[in-house]
Amino acid sequence: MTKQVWAIILLVVCLGNFFSACANNAKYGDWPNDDKTTQLEPTSTLTLDEYKKESGRTDYYKGLDSILEGFTLDSYECVYVSERAVVWVVKTEAPEKYSAEGEKIDAAIREIETHLNTSLGDHYEEAEKVHFFYGSTWAAFTPGGSYAKPVIFMPLASDPHSFHNYAHELTHLLTPQHSSWVAEGLAIYLNDKFGGEGGYPNYGADIDQLALSYINQTDILEKVGDETYYPSRSDLRTSVGKGFYIFSGSFVKYLIEKIGIESFMQIYYAPDMQEGLEKMTKKTLQEWKTEWLSYLLSLKE
Ligand SMILES: [Zn+2]
């Protein structure tokens, strides 16, 4: 299903030397390291409806709707291949604007791998590169696991993207997780950890202080810890989405600072996260949440 879908979208590689820039020579061909179960005819377009039908995961992809609307591979060209990434840009853009992005992506991947003691190869096929498509409405990624290709969508760069623009989405890619609050929380935590100007939703500002400013928004607060909640497109346009990201970032940071990143990652990958947390820390998620909220309130004093 999803695997096939991405095979359809991405049955395009830059032929020739895979480690060098490859402007203007994108051709249809075999996906590198692809398994042999997806021998589909290469095609240049996939409508949103086709995509939904193939993936069967319309809820999960809710936020991707506006990105995938009108997505056609024909409108992209491969402009650069780095050690870890393949850079695709809509043809209306000047390719040279994006030729330096590959190295920044490589650096971000290396940082995340080191920090979380993980590797892209743990979740995707060995030596697979991350494909970046520039030209979407907002940043997004495809979910990991054996059914997906490592793909990230990015908006066009009015200025060159910074290292931090990549850290958030790459964290998602390198740490596949179905629960939105915990996945977003980790991506925000890590982006902050790398310093600098940070990224959405706090852009380097103190995430706990921001969370404190939202603390009376109980309708948003109750979504944190709820594994069935995924921010919808309309949520992301309002303070609901922003508040959810801020709370998730602050709560995950609190947990990591209390139990350590290694224990946190063990819980993160537990089949049942809440159960894993309780087993390891002897406290329920609700108890942790109460403790975290008291901590936030103590910042007021
Ligand atoms: Zn995210």
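Glutamate 184 is buried in the predicted model, with a relative accessible area of 9%. The residue contributes a carboxylate donor (OE) to the zinc ion, which is also coordinated by NE2 of His168 and NE2 of His172, at 2.0 to 2.1 Å. Along the chain, the donors of the zinc ion follow the spacing H-x3-H-x11-E. Histidine 172 belongs to helix α6 (residues 163-174) and glutamate 184 to helix α7 (residues 180-193), so this pair ties together parts that are 12 residues apart in sequence. Histidine 172 is likewise buried, at a relative accessible area of 3%; as the cut-off for this class is under 20%, both residues fall within it.

Beyond helix α7, the chain enters a loop that leads to α8 (207-213), and glutamate 197 is found in this loop. Glutamate 197 is partly exposed, and its relative accessible area is 42%. Between glutamate 197 and serine 162, the C-alpha to C-alpha distance is 9.2 Å, although the two residues are 35 positions apart in sequence.

A negative patch on the surface is made up of Asp272, Glu275, Glu278 and Glu287. One of these residues, aspartate 272, is located in the loop between α12 (261-268) and α13 (273-281). The relative accessibility of aspartate 272 is 35%, so the residue counts as partly exposed, a class that lies between the limits of 20% and 50%. The value also exceeds the threshold of over 30% that is applied to patch residues.

Conventions:
Residues are numbered from 1 along each chain as its sequence is written. This is a predicted model: local features need pLDDT of at least 70, side-chain atom pairs count only at pLDDT 80 or more; totals for chains, interfaces and linings use all residues. Side-chain values use heavy atoms; hydrogens and water are left out. Donors are N, O and S atoms within 2.8 Å of the metal (3.2 Å for Na, K and Ca); water is not among the atoms, so sites may look incomplete. Helices (H or I, at least four residues) and strands (E, at least two) are DSSP runs, numbered from the N terminus. Buried means under 20% relative accessible area, exposed over 50%, partly exposed in between (1.4 Å probe, protein chains only). Patches are made of residues with over 30% relative accessible area and no salt bridge: like charges are joined within 9 Å, nonpolar side chains (Val, Leu, Ile, Met, Phe, Trp, Tyr) within 5 Å. Accessible areas come from the Shrake-Rupley method with a 1.4 Å probe; for residues, only the protein chains shown count as cover. A salt bridge is a side-chain nitrogen of Lys or Arg within 4 Å of a carboxyl oxygen of Asp or Glu. Lys and Arg count as positive and Asp and Glu as negative; His and the chain ends are not counted. The place of a charge is taken as NZ of Lys, CZ of Arg, CG of Asp or CD of Glu.
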